[in-house]
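Colleague: Could you pick one part of this model and go over it closely for me? Please give the cut-offs as you go.

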Amino acid sequence: MTAETVEYIRYRIPEDRSAEFLSAYTRAAAQLAAAPSCVDYELARCEEDFEHFVLRITWTSTEDHIEGFRKSELFADFLAEIRPYVGDIEEMRHYKPTAVRGRGAALPTLYAWAGGAAAFARLTSVFYEKVLKDDLLAPVFAGLAPEHASHVAMWLAEVFGGPAAYSETQGGHGHMVAKHMGRGITEPQRRRWVNLIQDAADEAGLPTDAEFRSAFLAYVEWGTRLAVYFSGPDAKPPAEQPVPQWGWGVAPPYRG
């Protein structure tokens with residue numbers, strides 16, 4: 001489980017002081033943004049009672065917050081801005097996330113947005129037809145097993161938020177990495193792989209909206225660069241890890 005910790009600071013600020021409170025935190029936020037131990041932050045205001053505010057700060061760890069940020073010059077400037085409101089704090093504690101987490105249906109997975117299992121099956125079918133005809137990649141995939149395309153379809157489906165079929169039938173990330181060990185994949189081959197899977201995505205009818213394709217390509221770039229590394233002579237297999245889960249990243253799904 002991640003070492004990150006979430007700090008919650010709950011304030012009760014009279015309405016006649018709320019404008020100056022928000023202004024102070026707007027200035028103080030510059031110190032949070034500059035702190036290497038700060039992952040993200042958000043100040044929220046209660047809808048039912050405007051006097052209640054909650055500041056949520058994710059730190060790389062509780063120790064990094066207390067021993068790092070609080071003992072840095074950034075904290076002095078931060079405290080100078082929010083000092084008038086310290087007496088209005090009702091709670092200030094650190095929380096560790098639990099295993100109870102998930103995502104609601106309001107934000108579709110990349111898997112669902114793409115069209116589900118059928119879409120990824122089409123993608124890999126088209127893609128490997130191209131690969132086996134490509135002068136640069138065909139040697140890498142010589143003797144391709146008949147089930148290879150379907151396994152990669154399961155892998156991609158799980159990565160993008162679909163069923164855990166790959167994990168249940170093949171293994172986790174380490175199993176996929178093992179298939180690349182010692183293959184000596186070159187950068188030109190990696191780049192060709194990236195180009196061909198984008199062409200295959202077009203032909204297989206995957207969504208072409210900018211938000212989906214940017215997330216799709218981000219994974220393809222990440223995954224292929226890892227493949228090059230793990231196929232090299234000095235690579236060491238990683239510890240057993242689950243299949244990575246890829247999300248929308250910076251741009252959520254566009255709803256026109």
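Modeller: Sure. A polar contact here is a pair of N or O atoms within 3.5 Å; within protein, one must be able to donate a hydrogen and the other to accept it, and residues adjacent in sequence count only if both atoms are side-chain atoms. By that rule, the side chains of E221 and R225 are joined by a polar contact of 2.9 Å. Before going on, keep in mind that this is a predicted model, where local features need pLDDT of at least 70, side-chain atom pairs count only at pLDDT 80 or more, and totals for chains, interfaces and linings use all residues. Numbering runs from 1 along each chain as its sequence is written, and side-chain values use heavy atoms, with hydrogens and water left out.

I'll stay with helix 10 and what packs against it. Helices are DSSP runs of H or I, at least four residues, numbered from the N terminus. E221 sits in helix 10, and at a relative accessible area of 23% E221 is partly exposed (buried is under 20%, exposed over 50%, partly exposed in between, with a 1.4 Å probe and protein chains only). Setting aside neighbours within four places in sequence, E221 touches R190 and V194, where contact means heavy atoms within 4.5 Å. W193 is 28 residues from E221 in sequence, with 9.8 Å between their C-alpha atoms.

T224 is in helix 10 too, which covers residues 210-230, but T224 is buried, at 7% relative accessible area. Its side chain has two polar partners worth a look. One is the side chain of R190, in a polar contact of 3.0 Å; the other is the backbone oxygen of V220, 2.7 Å from a polar atom of the T224 side chain. Beyond four places in sequence, T224 is in contact with R190, W193 and V194.

Those three partners bring us to helix 9, since R190, W193 and V194 are among its buried residues, along with Q189, L196, I197, A200 and A201. The cover over the buried residues of helix 9 includes helix 5, helix 6 and helix 10. Its geometry checks out: at 1.5 Å a residue, the 17 residues should span 24 Å, and the end C-alpha atoms are 25 Å apart, which agrees (the expected span is 1.5 Å times one less than the number of residues). Just after helix 9, G205 has a positive phi of about 80°.

Now for the nonpolar packing. A nonpolar core is a set of buried Ala, Val, Leu, Ile, Met, Phe, Trp, Tyr and Cys residues joined through side-chain atoms within 4.5 Å. The largest one has 38 residues, and F120, L123, L156, F160 and F216 make the most contacts inside it. At least two residues of this core come from each of helix 4 (110-114), helix 5 (117-131), helix 6 (148-159), helix 9 (187-203) and helix 10. A separate core of 19 residues includes I13, Y25, A28 and F53.

Back in the largest core, L123 links several of these segments. Outside its neighbours within four places in sequence, L123 is in contact with L156, I197, A200, A201, A204, L206 and F216. L123 also appears in the buried set of helix 5, with A119, F120, T124, V126, F127, Y128 and V131. Helix 4, helix 6, helix 9 and helix 10 are among what covers that set. Helix 5 has 15 residues and reaches 21 Å from its first C-alpha to its last, close to the 21 Å expected.

L156, from helix 6, is buried at 4% relative accessible area. Leaving out neighbours within four places in sequence, L156 is in contact with F120, L123, T124, I197 and Y219. For a sense of scale, L156 and A80 are 76 residues apart in sequence, and their C-alpha atoms lie 49 Å from each other.

So, to pull the picture together around helix 10: T224 has R190, W193 and V194 as contacts, E221 has R190 and V194, and the cover over helix 9 includes helix 10.
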